[in-house]
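User: I'd like a close look at one part of this model, strand by strand, with cut-offs where you need them.
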Amino acid sequence: VIKHGTRNFSFKTYMFRFQNTYVLKEGYYISNKMLKGKHIILGITGSIAAYKAAYIIRALVKKGAEVQVVITPAGKEFITPLTLSTLSSHPVISEFFSNRDGTWNSHVDLGLWADAMLVAPATASTIGKMANGVADNMLITTYLSAKAPVFVAPAMDLDMYAHPSTQKNLDTLRSYGNHIIEPAEGELASHLVGKGRMEEPEKIVEILEAFFAKQQDMAGKKVV
């Protein structure tokens, strides 16, 4: 018998779960199907790291999640809506009004639909707007309407990331209950080396899986 925390597994059961269904991370057995059926809003902003969003979508869809992309106008300069809609199998939302016939995209409906919202990459500009409620595009209005947990993956040059205004805005988002996915250190678009590089897609997806695993583990438990 293998003991983990308060759980006991037979060796045979442990090996089956490890090989076929579960991976042990951060004290939780995370199922490969933890994201199956989850509704994820992926917000994309105007950063060179926007290309990584394609890998995030692919990984989420592969794990059974349904992904709706909301992209800022600047984000479309870095990656095309056609690429994103092909990978997600959903039209990409960018504007409040989709046609000239009165059809509009409801940020309220999106906020209610989602099980989680992920903004990756998140520029300094978008982080500032989120922190201060500057609702001047579809992504920010969707964020302000979201009832689900929000994850933010910053991506910017090292000096921008270290600037007191950016750090203050990130602290504000944390105080709202948002989850900040810390950027990694490495070579940046400026060819400088430092902290500010968006975390890799596979790690971001693992963070989402770990969140839902913890949420499932706590389900039905009473916290005193």
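In E9, which residue is the bridge partner of valine 152?

Analyst: It's isoleucine 180 in E9. Some ground rules before the tour. This is a predicted model, where local features need pLDDT of at least 70 and side-chain atom pairs count only at pLDDT 80 or more, while totals for chains, interfaces and linings use all residues. Residues are numbered from 1 along each chain as its sequence is written, and side-chain values use heavy atoms, leaving out hydrogens and water.

Valine 152 sits in strand E8, residues 150–154. Helices (H or I, at least four residues) and strands (E, at least two) are DSSP runs numbered from the N terminus. E8 has parallel partners on both sides: E9 over two bridges, and strand E7 (residues 116–122) over four. Pairing here takes at least two DSSP bridges. On the E7 side, leucine 118 is opposite phenylalanine 151 of E8.

Zoom out and you get an open, parallel sheet of five strands, ordered E6-E5-E7-E8-E9. Its edges are strand E6 (66–71) and E9, each of which pairs on one side only.

Now for burial. Five of the five residues of E8 are buried, meaning under 20% relative accessible area (1.4 Å probe, protein chains only; exposed is over 50%). Val150, Val152 and Pro154 are on one side, Phe151 and Ala153 on the other, and both faces are covered. Helix H6 (138–145) is one neighbour: H6 lies across strand E5 (39–44), E6, E7 and E8, at about 145° to E7. That angle is taken between N-to-C directions, from 0 to 180 degrees, using lines fitted to C-alpha atoms (for helices, over the stretch in contact).

Helix H8 (residues 164–175) comes in here too. Thr166, Asn169, Leu170 and Leu173 are its buried residues. Viewed down the axis of H8, they fall within an arc of 100° (directions from axis to C-beta atoms), so they line one face of the helix. What do they touch? The buried residues of H8 pack against E8, E9 (179–180), H6, helix H5 (124–132) and helix H7 (158–162), with contact meaning heavy atoms within 4.5 Å. Turned away from that buried side, H8 shows the exposed residues Pro164, Lys168 and Ser175.

As for the geometry of H8, 12 residues at 1.5 Å each should span 16 Å (the rise times one less than the residue count), and the end C-alpha atoms are 16 Å apart, which agrees. Just after H8, glycine 177 has a positive phi of about 100°.
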